[in-house]
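Please open the model in your viewer and keep the sequence beside it, since this tour moves from one selection to the next and says what is found at each stop.

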Amino acid sequence: MPASPTALDRLVSPDGRPTLGLELPLDNDWGATRLRTDQAAGRPFGVPDLTEHARLARLADSLGFAALWVRDVPLHDPGHFGDAGSVFETFTHLGHLAAVTERAVLGTAAVVLPLRQPLLVAKAATVDVLSGGRFVLGLASGDRPVEYPLSSERTSTLVDGLSATTSGPARRLGHARAWRGTRAALPRSRRRPTARRPARAHRPDGPACHRRKRPADAEWVAENAEASLDHPRPLGALGLRTREWRALTIGSAPKPYLTPMQRDLPANPDTPAAAISLGLRTGRHALRDRLRRMGVLGVAHVSFTLRPGNRPVEDLLHELAETVLPEFPSR
């Protein structure tokens, strides 16, 4: 009998079209109206309102979104990043999502491993058990400079912690095997993450890291990864990155390429696509065209961040489900 699809497999459509997920929080707290309200209340920029979060997560799950992703931002760094990031604890949030959803893949995008004890991170496999095998574990080196001095208090590098992450607790839970290849292409003398983009890993039974900038780092990631979860890019740069990823993973089982996208969806469906920070402001017609082109370039999964804009999140979820998801259904 063929093996049951893993959580990562469920993010890959067999016909090459990208599946669509959501990056939490399900909030529009970057919109102008909400910003004025937060400023009046003295609320720090980017701290989401979770009052309706369980209801909205259930709604997204029932509407057919392929995944719900939770970020891990350990420290507030307004000087470099402005917003507060995902200030709520990642694994507590995932356990809650496992209880209130039934279908959507639940993922971390991504846990900053150098700031955590790897064996305790391995216990995140508990989410996989509670959710019925819907969990994808993402690991990162971190991309906020305020985090780097703290990394020496935990594990020295992302690479050094990978082996430990899926041994011990995760193995005893029956949802992990040894990471393939624990040797580090990164020099062991590099004791902390640098300011380069984070390497990320996915699912408890094997890592999936996005490539790093140095060739040796990229080769290590491609050898040890199950997928790539990279930062959003314009189409030209995206095409270069997906081709590089395919070239690096030739000879292995297919390894999907995943990417997030910040989305401001105006009510006018004919609004042309315009770049915003890490994403697009676009009506649904241009959005469908962009997703088609991303699929041709080799993108397997796109996760939307709905925080920009002023429209209620519930309205956005329904519009996307009715007008965009039918062309890009989850597996």
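In this predicted model, begin by selecting strand E8, residues 257-264, and display its side chains. Tyr 257, Thr 259, Met 261 and Arg 263 point one way from the strand, while Leu 258, Pro 260, Gln 262 and Asp 264 point the other way, and all of these residues are buried. Strand E8 is accordingly described as mostly covered, with 8 of its 8 residues buried.

Next, keep E8 in view and add the strands that pair with it. Select strand E7, residues 228-229, which runs parallel to E8 and is joined to it by 2 bridges; here you can find Ser 228 standing opposite Tyr 257. Then select strand E11, residues 299-305, which also runs parallel to E8 and is connected to it by 6 bridges, and look for Gln 262 of E8, which stands opposite Thr 305. Finally add strand E10, residues 279-281, where 3 bridges make the link to E8, again in a parallel arrangement, and where Arg 281 is the residue opposite Asp 264.

Now move to strand E2, residues 67-70, which has both of its faces covered: Ala 67 and Trp 69 lie on one side, Leu 68 and Val 70 lie on the other, and all four are buried. Which residues stand opposite Leu 68 in the strands beside it? In strand E1, residues 19-23, which runs parallel to E2 and shares 2 bridges with it, the residue opposite Leu 68 is Leu 22. In strand E3, residues 105-108, which is parallel to E2 and joined to it by 4 bridges, the residue opposite Leu 68 is Leu 106.

Leave Leu 106 displayed and select Arg 134, because the residues that Arg 134 touches, at heavy-atom distances within 4.5 Å, include Leu 106 and Val 105, along with Ala 7, Arg 10 and Asp 128. Arg 134 sits in the loop between helix H6 (125-130) and strand E5 (135-136). What is the nearest side chain of opposite charge to this buried arginine? That side chain belongs to Asp 61, which is 5.0 Å away, and Arg 134 has no salt bridge, because a salt bridge would need the charged atoms to be within 4 Å.

To end the tour, look at what the side chain of Arg 134 does reach: a polar atom of this side chain lies 2.9 Å from the backbone oxygen of Thr 101, and the side chain also reaches the backbone oxygen of Glu 102, at 3.5 Å.

Note on methods
Residues are numbered from 1 along each chain as its sequence is written. This is a predicted model: local features need pLDDT of at least 70, side-chain atom pairs count only at pLDDT 80 or more; totals for chains, interfaces and linings use all residues. Side-chain values use heavy atoms; hydrogens and water are left out. Buried means under 20% relative accessible area, exposed over 50%, partly exposed in between (1.4 Å probe, protein chains only). Lys and Arg count as positive and Asp and Glu as negative; His and the chain ends are not counted. A polar contact is a pair of N or O atoms within 3.5 Å; within protein, one must be able to donate a hydrogen and the other to accept it, and residues adjacent in sequence count only if both atoms are side-chain atoms. Two strands pair if DSSP finds at least two bridges between them. Lists of a residue's contacts leave out its neighbours within four places in sequence.
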